[in-house]
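Trainee: Please choose one part of this model and look at it closely with me, and then follow the chain outward from there. I would like the cut-off behind each term as you use it.

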Amino acid sequence: MSVAGGSGSTAGSGASVARLDGPWTHRDVAANGARFHIAEMGDGPLVLLLHGFPQFWWTWRHQLPALAEAGFRAVAMDLRGVGGSDRTPRGYDAGNLALDVTGVIRSLGEPDAALVGHDLGGYLAWTAAAMRPKLVRRLAVESMPHPRRWRNAMLTDLRQSRSGAYIWGFQSPWLPERQLVADDAALVGRLIEEWSGPRLPDEGAVDVYRRAMQIPSTAHCAVEPYRWMVRSMARPDGIQFNRRMKRPVRVPTLHLHGSLDPAMRSRSAAGSGEYVEAPYRWRLFDGLGHFPHEEDPAAFSTELINWLKDPEPDR
């Protein structure tokens, strides 16, 4: 049962925000007990794109056509509780969200996928690669360290803890949701601007993200994964998850990061290769912030596509 329905039952402006027009095709797929909205383009090996906070599938609007033109089936999904996907009352722990991702791969009729994840989507991509390795062909993570690296940085690195202060703030009940939607979701715009590098985000794009956050129940669902990530640290489920993430990633991995990212320091992300027992490539984008795929979409897409087409990505 949904808190506020998926794309089929999102009223008024919510539906139009979730299904923005473009060269892609919109549809819903069922996976892991919920319904997920996707936008897709192209034919070929599946590349599944996972958005971060405070965005939704549309953050990949530049990569969808670039990947399709390069010969891939590019699919951007809305994570549980965001955009046009179902807003369920439970299920926002990282393990279940990763099963959403692998469930969508199966629902798309594909044997596997190259996962590309940004921010929270990157956290889930790391998780899916460890939990369901047979379904992940390659892994590309942007602006997010490996979950064990993230946990260690948040607990032991004072600078990273300060940079991630918004995550600590999400632990309060109800207040974060109200702050996110206040003044037409002005906070969403401020976060995107503060986390970006010198190439400021397009005002029109920021307005889209602000409207998407105002779809009923979205703000609550968007912060729930971060609540679990912190509150579970000392609970049995979180301890078990941390142990499960000791499993090495055994697929070629591309790790992308902006040198000026103020939300996730490059020092925190670097070193995640110790959890990868496969070719691992670290790529630092000089002069970019938390959203390289939007701040310099051409450079990001070129880097990603070249790596996806490389038959033998070196370590």
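Mentor: D119 sits in the loop that runs from β5 (113-118) to α4, where helices (H or I, at least four residues) and strands (E, at least two) are DSSP runs numbered from the N terminus. This is a predicted model, in which local features need pLDDT of at least 70 and side-chain atom pairs count only at pLDDT 80 or more, whereas totals for chains, interfaces and linings use all residues. Residues are numbered from 1 along each chain as its sequence is written, and side-chain values use heavy atoms, with hydrogens and water left out. With a relative accessible area of 1%, D119 is buried (buried means under 20%, exposed over 50% and partly exposed in between, for a 1.4 Å probe and protein chains only). The backbone of D119 has phi near 60°, which is a positive value in a residue other than glycine.

A second residue with this feature is worth setting beside D119. D183 has a positive phi as well, near 50°, but D183 is found in a helix, α8, and with a relative accessible area of 66% D183 is exposed, whereas D119 is buried at 1%.

From the loop that holds D119 the chain enters α4 (residues 120-131), which packs against α3 (residues 94-107) at an angle of about 80° with the axes 9 Å apart; the axes are lines fitted to C-alpha atoms, for helices over the stretch in contact, and the angles run from 0 to 180 degrees between N-to-C directions. That makes α3 roughly perpendicular to α4 (65 to 115 degrees; under 35 is roughly parallel, over 145 roughly antiparallel, and the rest oblique). On the α3 side, A94, G95, L97, A98, L99 and T102 make the contact, and on the α4 side Y123, L124, T127, A128 and M131 do so, contact meaning heavy atoms within 4.5 Å. Sorted by class, this contact of α3 with α4 has eight nonpolar and three polar residues and no charged ones (Ala, Val, Leu, Ile, Met, Phe, Trp, Tyr, Cys and Pro are nonpolar, Asp, Glu, Lys and Arg charged, and the others, Gly among them, polar).

Beyond α4, in the loop leading to β6 (136-142), lies L135, which is buried at a relative accessible area of 6%. Leaving aside residues up to four places away in sequence, L135 touches T102, I105, R106, P111, D112 and A113; of these, T102 also belongs to the α3 side of the contact with α4. The C-alpha atom of L135 is separated by 11 Å from that of A125, ten residues away along the chain.

Two further loops can be read in the same way. G33, between β1 (25-31) and β2 (34-41), counts as exposed at 80% relative accessibility, and the C-alpha atoms of G33 and G103 are 9.3 Å apart although 70 residues separate the two in sequence. In the loop between β3 (46-50) and α2 (63-69) is P54, which is joined to F53 by a cis peptide bond with omega of about 5°.

To return to the helix that carries D183, the axis of α8 (residues 175-195) comes within 8 Å of the axis of α9 (residues 203-213), and the two cross at roughly 135°. That makes α8 oblique to α9. Here L180, V181, D183, D184, A185, A186, V188, G189 and I192 of α8 meet V206, Y209, R210 and M213 of α9, so that D183 itself takes part. This contact of α8 with α9 comprises nine nonpolar, one polar and three charged residues.

The helix α8 also packs against α10 (residues 218-231), at about 135° with the axes 9 Å apart, and α8 and α10 are therefore oblique to each other. P176, E177, L180 and V181 of α8 meet A219, H220, V223 and R227 of α10. By class, the residues of the contact of α8 with α10 are five nonpolar, one polar and two charged. L180 and V181 are thus listed for α8 in the contact with α9 and in the contact with α10.

Finally, these parts belong to a protein chain with 14 helices and eight strands, whose C-alpha trace spans about 50 × 45 × 40 Å along its principal axes. Of its 315 residues, 60% count as buried, and among contacts between residues at least 6 apart in sequence, 76% join residues at least 24 apart.
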